[in-house]
Amino acid sequence: MIQSILILDARGQALEPLREAFQIEVRPEDEVRLVSSMKELFDRVRDRSRYSMVVLPEPGAAALIRRLRDLDPEVPVIVAADRGSVDRAARAIAAGASEFFVTGERLRERIGTLLGKMRGLFEAIDRNRRLDEQNARLREAIQARFQIVGESPQIKTLIDQVQRVARVPRPLLITGERGTGKELVARAIHFTAGPATRPIISVNCAAFNDALLESELFGHEKGAFTGADEPRQGKFEQADGGTLFLDEIGNMSPVFQKKILRVVEYGTFTRVGGTKELRSSARILAATNVDLKEKIRAGEFLSDLYDRLAFEVVRVPPLREREGDVEVLARHFLNQFALEIPAFRDRRLSREALQRLNRHRYPGNVRELKNIIERAAYRDTGSEISIEDLGLALPDEPASRRGGLHDRVEAYRRRLIAEALKNAGGNQAQAARALGLTYHQFRYYHRKRS
């Protein structure tokens, strides 16, 4: 239900009687407020803690409605005028107003009629916002359960898509660069779709040649080939009633794609060396980091198989497109590493290190960032992870940093460390004193040298 009515009175039009009339007609706990500036109006509409309806004086309303709709597409907007006509009302509605309202005599009666007409709209807005809140809670639950960490709009869109497609029992294609987390998304789809007791089986199609992949997926009968001493279920049988995740499906040969096409289309297959047709109800989720449409054009992937798999294409965005998620993920991985290995607790990322992380391109995506953070936590000898601990070189860094002065200074430092250690007979504490370093500083540079 609408909890707040905002009446714009930017020109001092003495709208207090209008405010009082609205206040009488709404619930006692509802707020009716005159706002004296457009900034205050926009700030209050932007604040979703109280659902608002906006009343605008007719002059200049069209431009204001467009700006309000950008902030909140659903906010009810009433254009108020001291006299009405069909043309004026039509112009207001065309500009995006919810209603055109004429003030004047019997004001309270008119307001009561207006609020009655809008009751259906208020209820629809309430339902939509409750659904939005429910979806947000579901999104947070999915992210927490499947460790899909991120706060960016791109990740929220991805989780919304997972929620939508999870309960539609059709094959799906999950695309994304290496290290983006395609298998995490597949598992989120599987577990969101039904009971956790259902099986989910993963197969990396790039790890097998055609003969081995056929046995791996379809199983084999006793005596089908040398070493087949017992019949063996394949992954399609093992995943029956659940999900079969086919990773790197773009690496599958065109010959084998034809065999997969039949299972995707009809749900039937035959074990290697067998004659009995078996059936699997496993839902197929396929993933790839290559452009399958390009492979189709090159004659390396069957367009029919693509069509069967791509009931929906779920694209996992690369890390460089995820606005603000580098810092969120970096701190998450640092905390996880500290939980796993208590010796690395109390590490924190310096401001400079975070800036450097944000500038990196991450060809290996989330997996690469995780490795960078864990190595940096290991290298750090204090409590603050520095740029040097990250070990990242930026592609746009000046040549003097990559190969000139920087490299020569580093080589000289390594030589000093080696000479001090040799002169101290391998005693690191003594070598540190000779160089004017603390023991921990010396150990840090010594590790970097080795």
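**Two parallel sheets and a lined pocket**

Five strands form an open sheet with parallel pairing, in the order β2-β1-β3-β4-β5. At its edges lie β2 (31-35) and β5 (99-102), each of which pairs on one side only. Direction ignored, neighbouring strands of this sheet are turned by 25° against each other on average. These and the following descriptions refer to a predicted model.

Within this sheet, strand β1 (residues 4-8) runs parallel to β2, and the two are joined by 5 bridges. One of the residues concerned is L8 of the chain, whose bridge partner in β2 is V35. Helix α5 (residues 107-117) packs on the sheet, where it touches β3 (52-57), β4 (77-81) and β5. The direction of helix α5 makes about 170° with that of β5.

Another open sheet, also of 5 strands with parallel pairing, has the order β7-β10-β13-β6-β14. Its edges are occupied by β7 (200-204) and β14 (313-315); each has a single partner strand, so one side of each is left without a neighbour in the sheet. From one strand to the next, the twist averages 20°. The edge strand β7 pairs with β10 in the parallel sense, over 5 bridges. In this pairing, I201 has L244 of β10 as its bridge partner.

Strand β10 also appears in the description of a pocket. The second largest pocket has a volume of about 520 Å³. Its lining consists of 26 residues, of which G179, T180, G181, L184 and V366 are the closest to the centre of the pocket. Two or more lining residues are given by each of the elements α7 (153-166), α8 (182-193), β10 (243-247), α14 (325-340) and α16 (365-379). Helices and a strand of the second sheet described above thus both appear among the contributing elements. Classified by residue type, the lining of this pocket has 11 nonpolar and 7 polar residues, together with 8 charged residues.

At the level of the whole chain, the secondary structure comes to 21 helices and 16 strands. The C-alpha atoms fill a box of roughly 95 × 80 × 40 Å, taken along the principal axes. The radius of gyration of the chain is 32 Å, whereas a compact globule of 450 residues would have a value near 22 Å.

Note on methods. Residues are numbered from 1 along each chain as its sequence is written. This is a predicted model: local features need pLDDT of at least 70, side-chain atom pairs count only at pLDDT 80 or more; totals for chains, interfaces and linings use all residues. Side-chain values use heavy atoms; hydrogens and water are left out. On a 1 Å grid over the protein atoms alone, a cavity is a set of points where a 1.4 Å probe fits but cannot get out, and a pocket is an open set with protein on both sides within 12 Å along at least five of seven lines; lining residues have an atom within 4 Å of a point. Grid points are joined across faces, edges and corners, and a volume is the space filled by probe spheres set on the points. Helices (H or I, at least four residues) and strands (E, at least two) are DSSP runs, numbered from the N terminus. Ala, Val, Leu, Ile, Met, Phe, Trp, Tyr, Cys and Pro count as nonpolar, Asp, Glu, Lys and Arg as charged, and the others, Gly among them, as polar. Two strands pair if DSSP finds at least two bridges between them. Axes are lines fitted to C-alpha atoms, for helices over the stretch in contact, and angles run from 0 to 180 degrees between N-to-C directions. Contact means heavy atoms within 4.5 Å. The radius of gyration is taken over C-alpha atoms; the globule rule is 2.2 Å times the number of residues to the power 0.38.
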